[in-house]
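Here are my notes on the model you sent round. I've kept them as numbered points so you can follow along with the structure open.

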Amino acid sequence: MSDPRPSRPSAAVVLLRGREPALQTYWVKRSEAVSYMPGFRAFPGGTVDREDAALEIEGAPEAEARTLTACVLREAFEETGVLLADPESIRGDLERARDHLLAGDATFPELARANGWRFRATGLANAGRWISPPFASTRFETQFFLARLPAGQEPSIRAGELASGEWVAPVAALKRWQDGHETFAAPILYTLIALAEGENDLPERMAGWPEASGKPVRRIELNWGIVLHPMKTRPLPPATHTNAYLVGDREMALVDPGSGDPEELERLFELTEMLAEDGRRVKLVLLTHHHPDHIGGLDAVRERYRVQVAAHPETAKHVRVDFTLGDGDLVPLAPGKTDWTLRALHTPGHTRGSLCFLHTRTGSLFSGDHIVGGTGTVIVDPPEGDMGDYVRSLERLLGEPVTTLFPGHGSPQGAAERRIRGLIEHRKKREEKVLAALVEAGHDGATLGELVPRAYDDTPRELWPYAERSLLAHLFDLESRRRAERAPGAPAAEEERWRAAST
């Protein structure tokens, strides 16, 4: 299945100060309020604006490369207050100019002309172009640039999309990642590795990483010991891939090998062989639930590694497992740099046997389809799906030490509590719309097909067949609480009419 989503052109700047062995880079932490990778570390940057093409840059090539250069100059100033201009041209109050830019009073090219700022392409070094992996809920094609901090300037962060920023030694940043204190995407990891190796040929080495990191297969290790491997499957739209996870740094649990396609399995096996060179081996397979896009590769994995498979007893009714896990059961993995014990959490709702797996030390939750990436929601499809169970399962997660979500589909993200509360609120608001639609239907009630346009008027029409299943789950839940009922006299189950409860 091809991914029709275009990648958004964007740019990021790796700011440097000092020299070896005191070389430092400036990284930022994304706010927990943003929708894309909240709470993750990143480098300053963002997407291209239409005004970027108007910025005059001496020596810059035309078309796309010029626009990306302008983009990174603007983003550096917006996000950090650092103006990467010809030092002799810098004049005026930069913080006041930044205020005007952030307030939308003037564009960056307008500010440059008004203040006489001059920019040269030679002040920036191309440092590789990264494209978001297919699992990402939002996809970017990001040009990285290297730049030295201009004399007399110091970066600062304004609260908003970013929560904080700091100078860090590359080796220290990698140590914090290995200790489980930092989470970031692959481009940040490989940039830090390149910086830690020294300054010789640095732009060239960084430019080579996007291609080299994908051979023989890309290792996406957002936390040390948590390797994400997207596999092409056939999930419900808009997803196109299922995220398998390899968790642990000596013994590994393989969570949800979703694809049975030979090419997809070969890439998974290549990844495990790569990890074996680091002394990691697959100990067992954990299943979050039984849906085909989460177990498609199970038989091939079982045959290759001769490992046991574990899941909830309800999942074991649909797929062969070697042992079952209940709520609170521990999954011990041999410690390496640290403890990797996982705890199973029974979270029914999407299916009766849905499990999440929590790594308490890092606050990492492998959520399967209970919580998907991005801002979307999961379909709750009766009779396996139960809306009351689903909301209660979300609520119980608020009492667990969860900070980062690793979903079965879409991008991992921090700000777990905000995401969980948002899903609960979404379901409550949807319930209100369902109740309003039932009241509007009156005494005679309405069929599912008649209720969907009213209760899901904010959902694209092509998704209404899926929305109808979650609508039915809402109706069953409301019926159990005596807030909805079936109107009498329906000739067949598929023609049942629903109305607000009369009592």
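1. A yardstick before the residues: buried here means under 20% relative accessible area, exposed means over 50%, and partly exposed is whatever falls in between. Glu154 has a relative accessible area of 47%, so it goes down as partly exposed. Keep in mind throughout that this is a predicted model.

2. What does Glu154 form a salt bridge with? The partner is Arg17, with the closest N and O atoms 3.8 Å apart. Glu154 sits in the loop between strand E6 (140–148) and strand E7 (162–168), while Arg17 belongs to strand E1 (residues 8–17), so this salt bridge ties together parts that are 137 residues apart in sequence. Arg17 comes out at 29% relative accessibility and therefore counts as partly exposed.

3. For a local contrast, look at helix H2 (residues 94–103), where Glu95 and Arg98 both lie, three residues apart, or about one turn of the helix. These two form a salt bridge whose closest N and O atoms are 3.7 Å apart. Are the two residues buried or partly exposed? Glu95, at 34% relative accessibility, counts as partly exposed, whereas Arg98, at 0%, counts as buried.

4. Helices H7 and H9 deserve a look together. One link is the salt bridge between Arg304 and Glu273, with 2.7 Å between the closest N and O atoms. Arg304 lies in helix H9 and Glu273 in helix H7, so the pair ties together parts that are 31 residues apart in sequence. Arg304 has 40% relative accessibility and so counts as partly exposed; Glu273 has 43% and so is partly exposed as well.

5. On salt bridges in general, the count comes to 47. Some share partners: Asp49, Asp52, Arg74, Glu75 and Glu78 are joined into one network that way.

6. Next, the aromatics. Searching the whole structure turns up 17 aromatic pairs. One of them is Phe108 with Phe119, a tilted pair at 5.6 Å centre to centre, with 45° between the planes. Phe108 is in helix H3 (residues 108–115) and Phe119 in the loop between H3 and strand E5 (125–131), so the pair ties together parts eleven residues apart in sequence. Both Phe108 and Phe119 are buried.

7. Phe269 and Tyr305 make another pair: the ring centres are 5.7 Å apart and the planes stand at 75°, so this one is edge-to-face. Since Phe269 lies in helix H7 (residues 262–276) and Tyr305 in helix H9 (residues 298–305), the pair ties together parts that are 36 residues apart in sequence. With 7% relative accessibility Phe269 counts as buried, while Tyr305, at 22%, counts as partly exposed.

8. Which residues form an aromatic cluster? Trp27, Trp177, Phe184 and Trp224 do. Trp224 also has a charge to deal with: the charged end of Arg280 sits over its ring, 4.7 Å from the centre. Elsewhere, Arg361 lies over the face of Trp340, at 5.4 Å from the ring centre.

9. Helix H1 (residues 63–80) passes a simple length check. At 1.5 Å a residue, its 18 residues should span 26 Å, and the end C-alpha atoms are 26 Å apart, which agrees. H1 is mostly covered, with 15 of its 18 residues buried. What follows H1? That is Gly81, whose phi is positive, near 80°.

10. Last, the open sheet of five strands. The order is E15-E16-E17-E18-E19, and the pairing is mixed. Strands E15 (330–331) and E19 (404–407) are at the edges with a single partner strand each, so one side of each is left without a neighbour in the sheet. Within the sheet, strand E17 (residues 355–359) and strand E18 (residues 364–368) pair in the antiparallel sense over three bridges. To find your way around this pairing, start from Phe357: its bridge partner in E18 is Phe366.

How values were computed:
Residues are numbered from 1 along each chain as its sequence is written. This is a predicted model: local features need pLDDT of at least 70, side-chain atom pairs count only at pLDDT 80 or more; totals for chains, interfaces and linings use all residues. Side-chain values use heavy atoms; hydrogens and water are left out. Two strands pair if DSSP finds at least two bridges between them. Helices (H or I, at least four residues) and strands (E, at least two) are DSSP runs, numbered from the N terminus. Rings of Phe, Tyr and Trp (its six-membered ring) pair if their centres lie within 6.5 Å; planes under 30 degrees apart count as stacked, over 60 as edge-to-face and the rest as tilted. Buried means under 20% relative accessible area, exposed over 50%, partly exposed in between (1.4 Å probe, protein chains only). A charge sits over a ring if NZ of Lys or CZ of Arg is within 6 Å of the ring centre and within 35 degrees of the ring normal. The expected span of a helix is 1.5 Å times one less than its number of residues. A salt bridge is a side-chain nitrogen of Lys or Arg within 4 Å of a carboxyl oxygen of Asp or Glu.
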